[in-house]
Amino acid sequence: MFGQSPGRIAFLIIVTLMGAGSVVAQESGNATQQLTRQSEQFSEKIIQVADNVYTAVGFSVSNVSMIVGDDGVVIIDTGLTLDDASRIAAEFRKLSDKPVKAIVFTHSHGDHTGGAAAFCGDTRPQIWAHENFGSEAAPLLAAGLTFQTARGARQAGFKLPPEQRINNGVAPVRYPKCIGRAFVTDNATKPTNFLEGERQTINVAGVELELVSSPGDTNDQIFVWYPAGKVLFAGDNFYRSFPNLYVIRGTPNRSVRSWAESLGKLADNDAVALVGGHTNPIVGASKVKQVLNDYRDAVQFIHDKTVEGMNKGMTPDELVEYVQLPENLASKDYLQPFYGHPNWGVRSVFNGYLGWFDGNPTNLFRLSPKSEAERVAKLAGGTDKLLAAAKESLAADDNQWAAQLADYLLAINKGNAVAKQLKADALTKLAHNMVNATARNYDLTVARELREKPEPK
Ligand SMILES: [Zn+2]
C-alpha cells in the first residue's frame, strides 16, 4: 500500500499509534460516517480463518498471518514496523511457540515487509518473494525522483492533526516519525528464495503452499494458496474497498488488465477463506467466490468499458463520465471507493495504453495556465469579477468549480492570499463530502499548505 523504496529496502519508522478510527468530532456528513464505519475493518484482533491459520488484523496497517505446521510456522507478510510486528509476534506466540521456518512477502511494499525482523529469531527463516521483488521502485530511485514521497505524505494524511484524520481507507491511522526517511534494513530480512515463473509449490515445516505470480497492485505480487486449509492470501490484489488501480501519490502504470486476470486466478481456487492485504478476511466458500467474482468483474469492467470508449475516440475527461460501474457492483460494500476510485482506474487504463495525449489536437500545445487564466479573467470582466464568482460558487457549495476558479486566480498571481484561502476552503468542503480517504487526506493537506504563512525571509 505505502509503496516505499524496496530497491534499498526503505521503510518508515512509526512511533505514534493513533489506533483505528480517530473519530472526527465536528463532522457528521454521510461520507464521513461511511468512512468512519470502515474503521471496523481494521480494529485490532486475531482471527482464526481455518485450522492452524491465524490473521492479525489492525495491529499494523496491513494484515499479518501465521500458518502452524508440524515443527514450525510460516508467516505471510510482516506489517509496517518492528513495533507493530513485535506485538503481533507476541500474540502469535500465545497460539504456537514453534519457530518461524519461513516468511512469504506477498509483494515488496514497506507496509508488508517492514516488520520482518520481529519474526527472525536466531535461525534465519527462508524468506520468499517474487523474482521481480522491488522492481516498481527501482526506476524512480535510478531517476532521482523524490516528489512521490511528498505526494505520498499528502495521500496518507501524515501532516494532518489527529482530529482531521479518519483512516486511510483500508488501514488505521499511523504517524511516521520521519516522513520519507529511508534506511537500509539489515541483510537478515532480505528475501532468500524467489518465485520464478508462474507458480511454485513449496513445503516448509510440513506446510505445503502454492505461490502464484499475480501482477496487479504491483508487478512483484504473489498470492499464496494453502490447499490443506483452503485459504487464499491475496496480498494487495484484494482488500475491502474499490482497488487502487491508480495511486494518487503517483506510481508507474499498474496493468488493470493483469489485475483482473490475477483476480480470475484467485477465484479459480475453491477457497473457504480469503485473506486480503488489508481489512477483515472473508470467510465462507460461497462468500469468497462471490466477492472474488465481483471484484474481478469490477476491475475487468473498468478496463473493457474504458477501451470501448477509447475506440469511440473519447478523452480521459469524457471517459470518466462514460464508464460507470453497474449498480450490482457499485452497491457492494467491498467495492466502495474508500481507497481506490473507479475514475482513477479509467484514466490509468487510458494512460497505460496511449500515454498523456488525449487525442484532441487543441491539447497538443495548450496555452500556459497563466495565459489561459488571464483570458478567462478578461472574459469574466476582470480578476475582481472572477474572485466574486469564486466566492459565490463557494457559498453555493459548488466547491469543485470554486476550486477551479481559484486556480485561475492563482495562475495569474500565485501569491494571491484571498485566492489561496478560497481554494483552501473549497478543498476542505470537498474533503468533508468524500468517502475516499486518500483524496480526502490529499485535499485537507493541500488546504493546510495553502493556509500556511510564507516563511519570513
Ligand atoms: Zn498494502
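**Exercise 1. Work out how far apart the centres of domain 1 and domain 2 lie, and what the side of domain 1 that touches domain 2 is made of.**

Solution. Start with the distance: taken over C-alpha atoms, the centres of domain 1 and domain 2 are 37 Å apart. Keep in mind that we're working with a predicted model. The bounds to use are 6–292 for domain 1 and 367–451 for domain 2.

Next, look at who takes part. Domain 1 puts 18 residues into the contact, and domain 2 puts in 14 residues. On the domain 1 side, helix 1 (30–38) and helix 5 are the elements that give two or more residues. Helix 1 supplies the largest share of that side, with four residues.

Finally, sort the domain 1 side by class: you get six nonpolar, nine polar and three charged residues.

**Exercise 2. Find the buried residues of helix 5 and say which helix they pack against.**

Solution. Walk along helix 5 (residues 147–156) and pick out the buried positions: Gly 152, Ala 153, Arg 154, Gln 155 and Ala 156. Now check what these residues pack against, and you land on helix 15 (437–451). Then step just past the helix: Gly 157 follows, with a positive phi near 80°.

**Exercise 3. Lay out the seven-stranded open sheet and explain why strand 2 and strand 9 each have a side without a neighbour.**

Solution. Write down the strand order first: 2-3-4-5-6-7-9, with mixed pairing. Strand 2 (45–50) and strand 9 (193–195) sit at the edges with a single partner strand each, so each has one side lacking a neighbour in the sheet. Ignoring direction, neighbouring strands are turned by 20° against each other on average.

Now zoom in on one pair. Strand 3 (residues 53–57) runs antiparallel to strand 4 (residues 64–68), and four bridges join them. To see one of the bridge pairs, take Thr 55 and go across to Ser 65 in strand 4.

Last, add the helix. Helix 2 (residues 82–95) packs on this sheet and touches strand 2, strand 3 and strand 4. Its direction makes about 150° with that of strand 3.

**Exercise 4. Trace the largest nonpolar core and list what Leu 274 contacts, leaving aside neighbours within four places in sequence.**

Solution. The core has 113 residues, and Val 74, Val 224, Leu 232 and Leu 274 touch the most other members. Helix 7 (residues 285–311) gives the largest share, eight residues. Both domain 1 and domain 2 contribute at least three residues each to this core.

Now centre your view on Leu 274. With those sequence neighbours left out, its contacts are Leu 232, Ala 234, Phe 238, Pro 281, Ile 282, Val 288, Val 291 and Leu 292.

Note on methods. Residues numbered from 1 in each chain as written. Predicted model: local features only at pLDDT ≥ 70, side-chain atom pairs only at ≥ 80, totals over all residues. Core = buried A, V, L, I, M, F, W, Y, C linked by C-beta atoms within 7 Å. Buried ≥ 20, exposed ≤ 12 C-beta atoms within 10 Å, placed from the backbone. Domains from an automatic or database assignment. Contact = placed C-beta atoms within 7 Å. Pairing = 2+ DSSP bridges. Axes fitted to C-alpha atoms, helices over the stretch in contact; angles between N-to-C directions. Nonpolar A, V, L, I, M, F, W, Y, C, P; charged D, E, K, R; others polar.
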